[in-house]
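Work through these exercises with the structure open. Each task is followed by a solution in steps.

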Amino acid sequence: MKTIDDLAQEGLSGKRVFVRADLNVPLDGTTITDDGRIRAVQPTIAKLAQLGAKVIVASHLGRPKGAPDPAFSLRPAAERLGELIGREVAFATDTVGESARSVVAGLGEGEVAVLENLRFNPGETSKDDAERGAFADQLAELADVYVGDGFGAVHRKHASVYDLPARLPHAAGDLIAAEVTVLKKLTEDVKRPYVVVLGGAKVSDKLAVIDELLGKADRLLIGGGMAYTFLKAKGYEVGISLLQEDQIPAVTEYMERAEKNGVELVLPVDILASADFPDLKTKAPADFVTVDADKIPSDKEGLDIGPKTRELFASKIADAETVFWNGPVGVAEHPDYAGGTTAIARALLDSKGFTVVGGGDSAAAVRALGFDENAFGHISTGGGASLEYLEGKTLPGLAALED
């Protein structure tokens, strides 16, 4: 696929460049609580501006119902982008309407504008090709060139991700190019031992990637809410812990296949358990006990891996040449249950191998816990996209950028 450097050779000065970014940041009202995705795409936007392009940035935020909703406005993201690039960023209050056309028409060389949330228009996410295509046609009228740099959305067959590149000369932004380079290191020419740490709430969200990794990874470390389905499959009492009983047959088969394939599948050996889910608003002190993983009380819920498991997981990461981590291994939003996730992050930092934090909640946790992002080999901006790439799926947004 072409890159921005390829476009630069053809000349970008004065051209309207549509950048499909991922500005889907968490908000507390109008306050951004984690600006990682904006900071990740900022170099691409600044680079295009320096090349003299008229930069039109578009993104989704949240899941509005195909109509304007002030709770999902991109205005806070536009303001933060302006702070990061050190110049005023114009903001259009719609996506393809009068405001968007006026703002784009007013752009000079090297200036930047952000359009309002793409998902305020039903055509963005429509499953109907004609409706999606009609919206892509309207977006295409705003620009001369397309740059795809919203890696967190490339697994979606949406108008701005999949249909629009077909209507304009197109290239991958620097962020997407970097993400693909990293993911190839996890799938094509992997340095071993290859260790994968999977957390998060639901095992059903990770079944496909586990299925694929059973033929590629050397070790799978399982934590988070998804671990309790594995522990239940081993016949353990899991109390009121998060459990997907319907997935026990699949999990059992995976454990058997891991043993057959020589893949070391490592589960928690101790757990922090409580009868009360923690207060994530005030972060009031939690009341928990540390128990062996096969002795979770029937009235308690597992909320983090225990100290023995933290040491065990760290020892399994220590000699890795490649590590991929996706998903917190506890309720990391609460300080009393962030110890496991903190231990995983430190183990990656201590590793001499190539370390990848696979986006989503794990990337947010790394930032929230105060770790230096630059100390990791790579922090992805797209959790779901990363997982689907590792599953071997064709991602629509990447396919659309191929020549």
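**Exercise 1. Find the residue of E14 that is the bridge partner of serine 274, then place the strands in their sheet.**

Step 1. This is a predicted model. In E14, the partner of serine 274 is glutamate 301.

Step 2. Look at the strands around this bridge. E12 covers residues 270-274. E12 and E14 are joined by four bridges and pair in the antiparallel sense.

Step 3. Now add the third strand. The order is E13-E12-E14 in an open sheet, and the pairing is antiparallel. Strands E13 (289-292) and E14 (301-305) are the edges, each pairing on one side only. From one strand to the next, the twist averages 45°.

**Exercise 2. Name the strands that bridges join to E1, and say whether they run parallel or antiparallel to E1.**

Step 1. Take strand E4, residues 54-58. Five bridges join E4 to E1, and the two run parallel. One contact to check is valine 19, whose bridge partner in E4 is valine 57.

Step 2. Take E7. Four bridges join E7 to E1, again parallel. Here valine 17 has valine 145 of E7 as its bridge partner.

Step 3. Ask how enclosed E1 is. Four of its five residues are buried, so E1 is largely enclosed by the rest of the structure.

**Exercise 3. Classify the aromatic pair of phenylalanine 18 and tyrosine 146 as stacked or edge-to-face.**

Step 1. A pair of aromatic rings is described by the distance of the centres and the angle of the planes.

Step 2. The structure holds three aromatic pairs. For phenylalanine 18 and tyrosine 146, the centres are 6.0 Å apart and the planes differ by 15°. Planes under 30 degrees apart count as stacked, and this pair is stacked.

Step 3. Locate the two rings. Phenylalanine 18 is in E1 (residues 16-20) and tyrosine 146 is in E7 (residues 145-148). They are 128 residues apart, so the pair links distant parts of the chain.

Step 4. Check burial; the cut-off is under 20% relative accessible area. Phenylalanine 18 has 0% relative accessibility, so it counts as buried. Tyrosine 146 has 2%, so it is buried too.

**Exercise 4. Do the same for phenylalanine 371 and phenylalanine 376, then find the ring faced by lysine 185.**

Step 1. The centres of phenylalanine 371 and phenylalanine 376 are 6.5 Å apart, with 75° between the planes. Over 60 degrees counts as edge-to-face, and this pair is edge-to-face.

Step 2. Both phenylalanine 371 and phenylalanine 376 are buried.

Step 3. Lysine 185 lies over the face of phenylalanine 354, 4.6 Å from the ring centre.

Terms used
Residues numbered from 1 in each chain as written. Predicted model: local features only at pLDDT ≥ 70, side-chain atom pairs only at ≥ 80, totals over all residues. Heavy atoms only, no water. Pairing = 2+ DSSP bridges. Axes fitted to C-alpha atoms, helices over the stretch in contact; angles between N-to-C directions. Buried < 20%, exposed > 50% of the residue type's maximum accessible area, 1.4 Å probe, protein only. Lys NZ or Arg CZ within 6 Å of the ring centre and 35° of its normal.
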